[in-house]
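Trainee: Could you take me through some of the helices in this model and how they pack?

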Amino acid sequence: MENFAQSVANINNAVNGVVWGVPALVLLIGTGILMTLLTKFFQFRRFGHMWGKTIGGLFSNKSIRKSHEKHSISQFQALCTALSATIGTGNIAGVAYAITMGGPGAVFWMWIAAIVGMMTNYSENVLGIFFRRRNEKGEWSGGAMYYLKDGVGKMKYGKIAGPVLATLFSFFAIIASFGIGNMGQVASITESINTLVSAEPATVNLVTGLVVIVLLSLVILGGLKRIATTNERIVPFMAVFFIIGSLAIIIMNIGKVPAAFGAIFKGAFNFQSAAGGVGGAIIAQAMTWGFKRGVFSNEAGLGSSVMVHSASNVKEPVVQGLWGIFEVFADTIIVCTCTALVILTTGVVDLETGASISGASKLGLATEAFTKSFGTFGGVFLAVAVSLFAFTTILGWSYYGTKAWEYLFGTKSTLAYKIIFIAMVVVSATIDVSLAIDLSDTFNGLMAIPNLIGVVCLSTLVVKITKNYSARKITASQPDLEPMYSAFPEIQKEQEARED
C-alpha cells in the first residue's frame, strides 16, 4: 500500500509540474494579456466606472446589497462568496512561500498576474452571466461548463469539444473541491489551533473537525442563500480584520517600507546581475513563483468563482464582470500585498534572497512575522485570521463543487455531494491528507485548461458584449442599442422585462 501511494505521488508530482509549470502559467497569464489587449486595457480605462458600479455603489444602489429575487443572491453577496474562496491560506502561507522560493521580486510578478488576471476574471464572469440558465428549482446555474457547452459547443468545430471540455471541467472541479476546498483548509485550521493550545494534537484535531462539521452543516445544507448570507457577514469583517492588523505592523516598521519595496523591484528585475548569466535565472525564478502564487491566490483563469458570480441578481453581464475585476484587485493587490509587506518589514527574511532567517516557511514564517511585532497576540491574531479564511474558503468551494456535481448528475442529486463534502472534514482533521491535497492541487490546475480554452474561443464575444455595454452605459454613444443580456432568447426577454 505504501509503495502504491508513493507511485501515485510520483505520478502526481510529474503531472503537477506540467499543470503548474511554465507552459501552463504562460497560458494563464497569456489569456489575461490577450483579454487586456482585446478590450484595450479596460481594467485601467474603466477603473473609475468599475469602482462606482461595485463597492462605490453599495450604499446608493440597494440591488447591489440585497436581491429581491427568490432564487438569486445580490451582487455583493456573490462577491463575498467568491472572495470567501479566494481569500484563504494562499494569501498568507502562499505569499510567504513565494517570497522564500522566488525572492522578494516574486511579489512584483504576483501584482502583474493580478493586473492581467483582472481581465481573465472579468471575461469569465461576462460569459458566466451570458450563458447561465435556470435549473429545476428556478435557481441560476452558470460557470465554465455552461459557456463551454453552449458557447464553444455551438462553434463550427466545437460540437464535440465543447461538451467534452465542460464535462472535464466539472469533474476536475469536484475533485479540487474535496482537496483544496476542504482537506487543505481543514488542515490549516487544525494547524493554527494547535499553535494556540498545548493539548494532544490528535484530540485537538478531532474536536476541531467536529466543530467545523457542525458549523458547515448549519450553513451548507441551507443552500446558496445561507452560504451567501454567512459570507456577506464574515468576509468583509475578516478582510478588514487582517488588513488593519497588517497595516499596524507596517506602520510600526514604516522606516523599513522603502527597503521592502526596493527589494521587490530589485528582485523582480535583478538590476545588479541582469548582465550576468545568473541574472536571467533569478528573474525567471521570481516570475515563476510570483505568477504561480498570484494565480493560485486569486484563481483568475481557473473558472471557479464564476459559478457563484453567475447566481447574482445582476442583469448586465459586464456589471458582474466589473465585480470580477474588483475581486482580483482586493485579493492580490490589497490582501497579498499586506502579507508581503509584513514579512519584508519585520526582518524575518533576507531582503536580498527572500530566505527565511530562522528556517521557518509558509504559515510558520507568517506566524513568526506577526509574533515578532505583536508578541503572543500575533500568534493568536494569525490563528484567528487563518481559521476564518479557511472556513469561508470551505463554504465557497462547497458551492463550486455543488454546481459542478449538478451539471454532471442533476439538481436532485446535489444533497449527496453536500453530505460527502461535510463528512470529509472529519477525515481531513484526523489523518494525514497531504497526498490527497497534492492530488487536488493538480486537479485545481487542470480546471484552468478547459476554462481558458473557452475564454479564448469566446474572446470576441466578450469584446462584443463589452462594446455593447459601453455604447449604452458608459459613453452613451448608442443609448438605444439592443442590450446583450443572454445567449438564450427566453432569458433575454425575461431580463429586458425587469425593472432595475
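The turns below deal with helix lengths, buried faces and helix pairs.

Mentor: This is a predicted model, in which local features need pLDDT of at least 70, side-chain atom pairs count only at pLDDT 80 or more, and totals for chains, interfaces and linings use all residues. Residues are numbered from 1 along each chain as its sequence is written, and side-chain values use heavy atoms, with hydrogens and water left out.

Trainee: What distance separates the end C-alpha atoms of helix H17 (residues 362-374)?

Mentor: Helices are DSSP runs (H or I, at least four residues), numbered from the N terminus. The expected span is 1.5 Å times one less than the number of residues. For the 13 residues of H17 that should give 18 Å, which agrees with the end C-alpha distance of 19 Å.

Trainee: Over what arc around the axis do the buried residues of H17 lie?

Mentor: Buried means under 20% relative accessible area, with a 1.4 Å probe and protein chains only. In H17 the buried residues are Leu363, Leu365, Ala366, Ala369, Phe370 and Ser373. They sit on the same side of H17, because the arc, taken from the directions from the helix axis to the C-beta atoms, is only 165 degrees.

Trainee: Which helices do the buried residues of H17 pack against?

Mentor: Contact means heavy atoms within 4.5 Å. The partners of these buried residues are helices H7 (93-102), H10 (161-194), H12 (224-252), H16 (317-345) and H18 (376-409).

Trainee: Are helix H2 (residues 22-38) and helix H21 (residues 448-457) roughly parallel or roughly perpendicular?

Mentor: Axes are lines fitted to C-alpha atoms over the stretch in contact, and angles run from 0 to 180 degrees between N-to-C directions. H2 and H21 pack at about 20 degrees, with axes 11 Å apart. Angles under 35 degrees count as roughly parallel and 65 to 115 as roughly perpendicular, so H2 and H21 are roughly parallel.

Trainee: Which residues of H21 does H2 meet?

Mentor: The H2 side of this contact consists of Leu27, Leu28, Thr31, Leu34 and Met35. Their partners in H21 are Ala448, Leu452, Val455 and Val456.

Trainee: How do helix H6 (residues 75-86) and H18 cross, roughly parallel or roughly perpendicular?

Mentor: Their axes come within 6 Å and cross at roughly 115 degrees. That makes H6, relative to H18, roughly perpendicular.

Trainee: Which residues of H18 does H6 meet?

Mentor: H6 contributes Thr81, Ala82, Ser84 and Ala85. Opposite them in H18 are Phe389, Thr392, Thr393, Gly396, Trp397 and Tyr400.

Note on methods: Helices (H or I, at least four residues) and strands (E, at least two) are DSSP runs, numbered from the N terminus. Buried means under 20% relative accessible area, exposed over 50%, partly exposed in between (1.4 Å probe, protein chains only). Angles under 35 degrees count as roughly parallel, over 145 as roughly antiparallel, 65 to 115 as roughly perpendicular and the rest as oblique.
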